[in-house]
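Biologist: Could you put the model up, so that we can go through it together?
Modeller: Here it is, and we can begin wherever you like.

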Amino acid sequence: GSIILIPFVFPQLSLSLPFFWLLIFALIFGILATFLHFQGIKRVKAQEAGILGYAEPLFGTTYAFLIFSEIPTKFSLIGGVLIGVAVYLASVTDAEG
């Protein structure tokens, strides 16, 4: 994703401060996050990875509320409840057999 943004900082390509932050952003959120994601997938079963994947929007909304004080919309709350119920039912079904 950061390669697409390079033309916007191309005049300042001499490792100026904006380019430095773009590089840090690419390393942390692009490379490190992807590496950690795939390392986590290696360590859990496919069913658990799928359940966690479905729960990501729920976690994202919760973190946005806690960290950025964003108030979720009515539809976000309804979707979160539906995702939470689905994750719960999938984990209960998985535990039973």
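Biologist: Is Phe29 buried or exposed?
Modeller: This is a predicted model, and in it Phe29 has a relative accessibility of 56%, so Phe29 counts as exposed.

Biologist: And what about Phe25, how does that one count?
Modeller: Phe25 comes out at 46% relative accessibility and therefore counts as partly exposed, because that class covers values between 20% and 50%.

Biologist: Where do Phe25 and Phe29 sit along the chain?
Modeller: Both belong to helix α2, which covers residues 17-43, and because they are 4 residues apart there, about one helical turn separates them.

Biologist: How many aromatic pairs are there?
Modeller: The count comes to 1 aromatic pair. The partners are Phe25 and Phe29, whose ring centres lie 5.0 Å apart with the planes at 50°, so the pair is tilted; an angle under 30 degrees would have counted as stacked and one over 60 as edge-to-face.

Biologist: Switching topic, what lies over the face of Phe75?
Modeller: That is Lys74, placed at 5.3 Å from the centre of the Phe75 ring.

Biologist: Now the overall fold, what elements does the protein chain have?
Modeller: The protein chain has 4 helices and 0 strands, so that the order from the N terminus on reads α-α-α-α.

Biologist: And how much of the chain is buried?
Modeller: Of its 97 residues, 8% count as buried. The protein chain exposes about 8000 Å², and carbon and sulfur atoms supply 75% of that area.

Technical notes
Residues numbered from 1 in each chain as written. Predicted model: local features only at pLDDT ≥ 70, side-chain atom pairs only at ≥ 80, totals over all residues. Heavy atoms only, no water. Helix = DSSP H or I, 4+ residues; strand = E, 2+ residues; numbered from the N terminus. Buried < 20%, exposed > 50% of the residue type's maximum accessible area, 1.4 Å probe, protein only. Areas by Shrake-Rupley, 256 points an atom, 1.4 Å probe, with all protein chains shown as cover. Phe/Tyr/Trp six-rings, centres within 6.5 Å; stacked < 30°, edge-to-face > 60°. Lys NZ or Arg CZ within 6 Å of the ring centre and 35° of its normal.
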